[in-house]
Each structure stands twice: as structure tokens, then as C-alpha cells.
Amino acid sequence: MRDLHAEFVKYGKNAKYWMRRCAMMLPEINRRRIWRKKGFGSIYEYAAKLAGMNHEKVNECLRIMKHIEDKPELLEVAREKGLGAVRPVATIATKETAKLWAGKIEVMSKHTLTTYVRDYKNGRPGTADEQEVTVKLRAKLAKRFEEFKKRADFEKLLEKFMDEVDAEPKPEPVKTESKHIPTSIKKYVAIKTNGLCAHPGCNKPATEFHHTARFSLRNEHNPDQITPLCKAHHDLAHLGLIANEEKQPYEWQLRTFPDTTNHKYQVDQLVQAYRTG
Ligand SMILES: [Zn+2]
Ligand SMILES: [Zn+2]
């Protein structure tokens with residue numbers, strides 16, 4: 001009996017391969033106006049009739065190709081994985097950084113890569129000397145705050161207040177073989193970010209608890225070393241791309257390359273497939 005599924009997988013794989021080849025030829029075909037010479041009204045008509053590509057797809061191909069045409073490393077990735085794979089880095093990559101970005105595509109999911117590029121564009125959290133903050137407060141409190149921030153020692157007082165809050169009683173660290181994080185510790189760390197991802201600038205709901213010192217190295221659940229993260233930032237942490245990870249999240253910085261000599265990085269490589277936190 002025919003294995004319909006196996007056949008479909010095989011043909012589908014081939015179809016994708018040929019479609020990628022077509023897509024990457026479009027800029028040159030367009031530049032040389034080959035479609036006109038062959039009697040088509042536009043590149044869109046040409047691509048639709050000959051390869052079944054829709055208008056949107058053609059535009060996307062031309063747009064991405066325009067950015068990567070002079071970057072052999074990214075062309076190579078596009079040939080292998082399709083233009084969609086290089087989309088997140090198309091506008092940020094330069095000739096000098098193309099190799100770096102090609103490497104990132106290899107190790108990151110599309111979603112994680114998109115997050116990484118966004119953080120990267122935002123100037124890497126925590127690198128500026130001064131930064132504006134916007135907060136919404138109850139009207140009466142806002143007025144009081146406006147008044148209060150005129151004080152010369154305002155920043156010092158604010159810091160003192162936050163240090164005191166941070167020093168409030170917290171659950172004891174728990175030494176254990178069990179990966180299960182005690183509820184009291186989960187609660188304690190989740191309150192600090194109101195259930196959102198702790199990464200600077202990220203307001204996604206946290207979906208995962210991350211051990212900044214790695215559970216597999218310490219066999220410990222320490223409230224100071226557990227932090228709630230979204231999936232993408234958790235991935236970036238385990239790719240070794242967050243510097244100062246064991247400090248408070250506001251001191252974190254995005255790395256360009258992991259520190260491969262770091263013990264944690266080596267462990268993360270080993271446990272890549274199944275997370276121990
Ligand atoms: Zn996040
Ligand atoms: Zn983790």
C-alpha cells in the first residue's frame with residue numbers, strides 16, 4: 001500500500017526547496033526586466049503564473065533580498081532555510097555582522113531571534129547613563145510624587161526605599177534534589193514582577209521560572225536566584241546571552257556572544273534539550 005503521508009512529506013520538502021530557489025531569483029529577474037521580455041505585465045504576474053507566488057510573497061522576497069544580496073552568509077542561510085528564516089535580521093545585519101547573525105539564526109528559534117534583535121536595536125538595556133521613566137499613578141499620588149522628585153536627594157531616597165523593600169523577609173533558600181520550586185518561592189518572585197517577564201523592557205507574561213545560577217549546578221531553589229521570564233528571554237539566558245545574570249534583572253545586559261568558558265554555559269549546552277531551569 002502507498003504511504004501517502006511519506007509521499008506528501010517528500011513532495012512537500014521538494015516543493016519548498018524549489019520555491020526557495022524561485023524566490024531568490026526574483027531580484028535578478030526583476031532587475032533585468034526578464035518578465036517584460038517574456039510578455040508578462042509585471043514581476044507579480046510572472047511569479048504568479050510561473051511559480052504560484054502571490055503578490056505579498058513577491059514583495060516580501062524582493063524586500064528581504066534587497067537587504068541580504070550583498071551578504072553571502074545570509075544568502076547561504078536563505079538558500080537552506082528560506083527567506084523567512086533571515087527576515088528577523090534582514091534590516092539589522094551589516095556586511096560586517098552578517099556572519100554573527102547567520103550564527104544566531106542557527107541557534108535560535110524565530111521568536112527568540114526576533115526578541116533578541118528587538119533588544120539589540122533598543123540599545124541593549126542598561127547601557128545609557130540616564131533614562132526617562134514613565135509611570136502611571138493615582139492622580140493624588142502623582143501630584144505628591146511630582147513635588148517629591150524635586151528634592152536634590154530624590155534618587156538616593158528612591159534607591160533607599162527600593163533597597164528596603166528588597167530586604168523584606170523572603171522565603172529561605174531550599175536545598176533539594178527536586179526540580180519542583182516551592183510555592184512560597186514562586187509566589188515571592190512572581191510578586192516582584194507582577195507575573196511579567198523580568199527582563200528589562202519586556203512586558204510579556206512570564207511563563208517560566210529561571211534559575212540564574214542553574215539548578216543543576218547548585219541543587220538549590222534560592223529566591224534571589226530565581227526569576228520569572230517569558231519563553232524568548234529564557235531561551236536567551238540559556239544561550240548565554242545575558243551578562244550579569246546573577247545580579248538583579250535591572251543590571252542585566254545583552255551579550256553578542258556567549259562566554260563559552262563559563263561553567264553555566266557548558267552545562268546549558270549539555271542540558272539543552274530538557275530544561276532543568
Ligand atoms: Zn521577556
Ligand atoms: Zn532557565
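Helices and strands are taken here as DSSP runs, a helix having at least four residues and a strand at least two, and they are numbered from the N terminus. With that numbering in hand, a good place to start is Arg33, which sits in the loop between helix 1 and helix 2. The model is a predicted one, and in it Arg33 has a positive phi of about 50 degrees although this residue is not a glycine. Arg33 counts as partly exposed, at 34% relative accessibility. Another arginine invites a look alongside it. Phi of Arg214 is near 70 degrees, again a positive value in a residue other than glycine. Arg214 is placed in the loop between strand 2 and helix 12 (215-218), and at 3% relative accessibility Arg214 counts as buried.

Stepping back to the whole chain, the domain assignment gives domain 1 (4-107), domain 2 (138-168) and domain 3 (171-271). Between the C-alpha centres of domain 1 and domain 3 there are 37 Å.

The largest nonpolar core has 41 residues, and those touching the most other members are Ile68, Leu74, Leu83, Val86 and Trp101. Two or more residues each come from helix 1 (4-31), helix 2 (34-37), helix 3 (43-51), helix 4 (55-68), helix 5 (72-81), helix 6 (83-86), helix 7 (98-107) and helix 8 (110-121). Helix 4 supplies the largest share of this core, with six residues. Both domain 1 (4-107) and domain 3 (171-271) give residues to this core, so it lies between them. Leu74 offers a view of the packing from a single residue: with neighbours within four places in sequence left aside, Leu74 is in contact with Ile68, Val86, Val89, Ala93, Ala98, Trp101, Ala102 and Ile105. A second, separate core has nine residues, among them Cys202, Leu229, Cys230 and Ile242.

Next to Leu74 in the sequence comes Glu73, which is found in helix 5. Glu73 is partly exposed, with a relative accessible area of 29%. Its contacts, again leaving aside neighbours within four places in sequence, are Ala98, Lys99 and Ala102. Glu73 and Trp101 are 28 residues apart along the chain, and their C-alpha atoms are separated by 8.6 Å.

Two zinc ions come next. The zinc ion (ligand 1) is coordinated by three cysteines and a histidine, namely Cys197 (SG), Cys202 (SG), Cys230 (SG) and His233 (ND1), at 2.0 to 2.4 Å. The angles among these four donor atoms run from 101 to 114 degrees, and the site is tetrahedral. Along the chain, the donors of the zinc ion (ligand 1) follow the spacing C-x4-C-x27-C-x2-H. Cys202 belongs to the loop between helix 11 (183-193) and strand 2 (208-211), whereas Cys230 belongs to the loop between strand 4 (226-229) and helix 13 (231-238), so the pair ties together parts that are 28 residues apart in sequence. Cys202 and Cys230 are both buried, and both are also members of the second core described above.

For the zinc ion (ligand 2), the protein donors are His210 (ND1), His234 (NE2) and His238 (NE2), which lie 2.0 to 2.1 Å from the ion. The donor residues of this ion are spaced H-x23-H-x3-H in sequence. His210 lies in strand 2 and His234 in helix 13, so this pair ties together parts that are 24 residues apart in sequence. His210 is buried, with a relative accessible area of 0%, and His234 is buried too, with a relative accessible area of 3%.

Aromatic side chains complete the picture. A pair of aromatic rings is described by the distance of the centres and the angle of the planes. With centres counted as paired within 6.5 Å, there are seven aromatic pairs. In one of them, the rings of Phe145 and Phe154 have centres 5.7 Å apart and planes at 80 degrees, so the pair is edge-to-face. Phe145 counts as partly exposed, at 29% relative accessibility, while Phe154 is buried, with a relative accessible area of 13%. Elsewhere, ring pairs link Trp101, Tyr116 and Tyr120 into a cluster. Trp101 thus returns here, having already appeared among the core residues that touch the most other members.

Methods: Residues are numbered from 1 along each chain as its sequence is written. Chains are lettered from A and ligands numbered from 1 in the order in which they are written. Side-chain values use heavy atoms; hydrogens and water are left out. Domain bounds come from an automatic or database domain assignment. Donors are N, O and S atoms within 2.8 Å of the metal (3.2 Å for Na, K and Ca); water is not among the atoms, so sites may look incomplete. Four donors count as tetrahedral if all angles lie between 85 and 135 degrees; four count as square planar and six as octahedral if opposite donors are over 155 degrees apart and all others between 65 and 115; anything else is irregular. Buried means under 20% relative accessible area, exposed over 50%, partly exposed in between (1.4 Å probe, protein chains only). A nonpolar core is a set of buried Ala, Val, Leu, Ile, Met, Phe, Trp, Tyr and Cys residues joined through side-chain atoms within 4.5 Å. Contact means heavy atoms within 4.5 Å. Rings of Phe, Tyr and Trp (its six-membered ring) pair if their centres lie within 6.5 Å; planes under 30 degrees apart count as stacked, over 60 as edge-to-face and the rest as tilted.
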